[in-house]
Amino acid sequence: MRPNFTVCSSELKFSLKAAVLCSVNRRTVFSSIQHRRKQGNSIKNMKLIIVLIATVIGTIATVSGQQQISQECFTRPNDKNPKECCKLPDIKPPHEKFETCKQKFPKPTGPPPTPGNPPQGPPPGFNCMAQCILEQEGVITDGVISKDVATTTLVALVGSSSDWQTAAKTAVDTCYQQVSSLETEKDSLGCSVAAGVFKECLHSTMFTNCPTSSWTASTECDQLKAHVEKGCPLMTLFKGPHKHPH
């Protein structure tokens, strides 16, 4: 709002003293306006700094490979074992490949999560084991995931069921898109973040796309499926410490 100097204009007609007073009043008004503008700019600058800090923190968390899992995911909707809901095909790698990776990346030791304080992400070493297994299967070469090899490998593992072959192809398509921007990211152990996300995504997506012929229809099972469909990894539905991916 512009200041009204009508009174000052009339006062200037009567005395020099009035002119001086008006001059002082004008300086005071303009000084107040400038002060308020500076305060406004300071607030804007502070807001900008806060946004930049939040952006940097978010970027650091992503680059460092800290895969955060929502706390609500660790609250299971019920105690049903997911294996009792969907008869998933055995998609484990050959035993010797798994043992090779297990020896190369032994499971880190540490205190288990305490009640009321669930883990913040996948279990330690998860990405390393996933990377090793996918490399053994030829799915990852030089840090890059091959969609074609992943599809061929998973389709072969699910067997001759056309329903499961369709589910396998859907899982690879979905998960490949999910990790397309993660291939250069490493976790704190120097292992591929994309490998861990891709491996877990395959299991989760296979579960949510479980064919009717392999699905046990029940309220509890539907609750588990809804839990995974909202973005929670399948691993959060299993009791006890999370295990290495198979």
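This talk describes a predicted model of one protein chain, moving from its overall layout to two helices and a cavity.

Good morning. Let me begin with the chain as a whole. The protein chain has 246 residues, and 35% of them count as buried. Its secondary structure amounts to 8 helices and 2 strands. Reading from the N terminus, the order of the elements is α-α-α-α-β-β-α-α-α-α, so please keep the two strands in mind as a landmark when you follow the model. The surface that the chain exposes comes to about 15,200 Å², of which carbon and sulfur atoms supply 57%. As for contacts, consider those between residues at least 6 apart in sequence: 76% of them join residues at least 24 apart.

I turn now to helix α4, which covers residues 126-136. Is this helix enclosed or open? Of its 11 residues, 9 are buried, so α4 is largely enclosed by the rest of the structure. The buried residues include Phe 126, Met 129, Ile 133 and Leu 134. What do they pack against? Their partners are α3 (95-104), β1 and α7.

Two residues of α4 deserve individual attention. The first one I have chosen is Gln 131. Its relative accessible area is 16%, and because the limit for buried is under 20%, Gln 131 counts as buried. Setting aside residues up to four places away in sequence, Gln 131 touches Cys 191, Ser 192 and Ala 195. Please remember Ser 192, as I shall return to that residue shortly.

My other choice in α4 is Leu 134. Leu 134 is buried, with a relative accessible area of 3%. Beyond its neighbours within four places in sequence, Leu 134 is in contact with Val 139, Ile 140, Ala 195, Phe 198 and Lys 199. Leu 134 is also 11 residues from Ile 145 along the sequence, and their C-alpha atoms are 8.5 Å apart in space.

Let us follow the chain onward from α4. Just after this helix, Gly 138 adopts a positive phi of about 80°. Further on is the loop between β1 (140-141) and β2 (144-145), and Asp 142 is found there. Asp 142 has a positive phi as well, of about 55°, although it is not a glycine. Is Asp 142 buried or exposed? With a relative accessibility of 76%, Asp 142 counts as exposed.

After the strands, I would like to pause at helix α5, residues 147-158, where Thr 151 is located. A polar atom of the Thr 151 side chain lies 2.9 Å from the backbone oxygen of Lys 147. When neighbours within four places in sequence are left out, Thr 151 is in contact with Lys 169 and Val 172.

We come next to helix α7. This helix has 16 residues, numbered 193-208, and at 1.5 Å a residue it should span 22 Å; the C-alpha atoms at its ends are indeed 22 Å apart, so the expected and computed values agree. How many of its residues are buried? The count is 16 of 16, and α7 is thus described as mostly covered. Here Ser 192 returns: this residue caps the N-terminal end of α7, with a side-chain oxygen 3.3 Å from the backbone nitrogen of Ala 194.

Within α7 we find Phe 198. Phe 198 counts as buried because its relative accessibility is 0%. Which residues does Phe 198 touch, not counting those up to four places away in sequence? They are Leu 134, Val 139, Ile 145, Ala 150, Val 172, Cys 175, Tyr 176 and Val 179. One of these partners, Tyr 176, is 22 residues from Phe 198 in sequence, yet the two C-alpha atoms are 6.9 Å apart in space.

Finally, I come to empty space inside the model. Rolling a probe the size of a water molecule over the atoms shows where such space is left. In this model the count comes to 1 cavity of 30 Å³ or more. The largest cavity has a volume of about 130 Å³. Its lining consists of 13 residues, and those nearest its centre are Glu 137, Leu 154, Leu 157, Lys 199 and Leu 202. Helices α5 and α7 each contribute at least two residues to this lining.

To close, I would ask you to look once more at α7: its residues are buried, 16 of 16, the buried residues of α4 pack against it, and it helps to line the largest cavity. Thank you for your attention.

Conventions
Residues are numbered from 1 along each chain as its sequence is written. This is a predicted model: local features need pLDDT of at least 70, side-chain atom pairs count only at pLDDT 80 or more; totals for chains, interfaces and linings use all residues. Side-chain values use heavy atoms; hydrogens and water are left out. Helices (H or I, at least four residues) and strands (E, at least two) are DSSP runs, numbered from the N terminus. The expected span of a helix is 1.5 Å times one less than its number of residues. Buried means under 20% relative accessible area, exposed over 50%, partly exposed in between (1.4 Å probe, protein chains only). A polar contact is a pair of N or O atoms within 3.5 Å; within protein, one must be able to donate a hydrogen and the other to accept it, and residues adjacent in sequence count only if both atoms are side-chain atoms. Contact means heavy atoms within 4.5 Å. Accessible areas come from the Shrake-Rupley method with a 1.4 Å probe; for residues, only the protein chains shown count as cover. On a 1 Å grid over the protein atoms alone, a cavity is a set of points where a 1.4 Å probe fits but cannot get out, and a pocket is an open set with protein on both sides within 12 Å along at least five of seven lines; lining residues have an atom within 4 Å of a point. Grid points are joined across faces, edges and corners, and a volume is the space filled by probe spheres set on the points.
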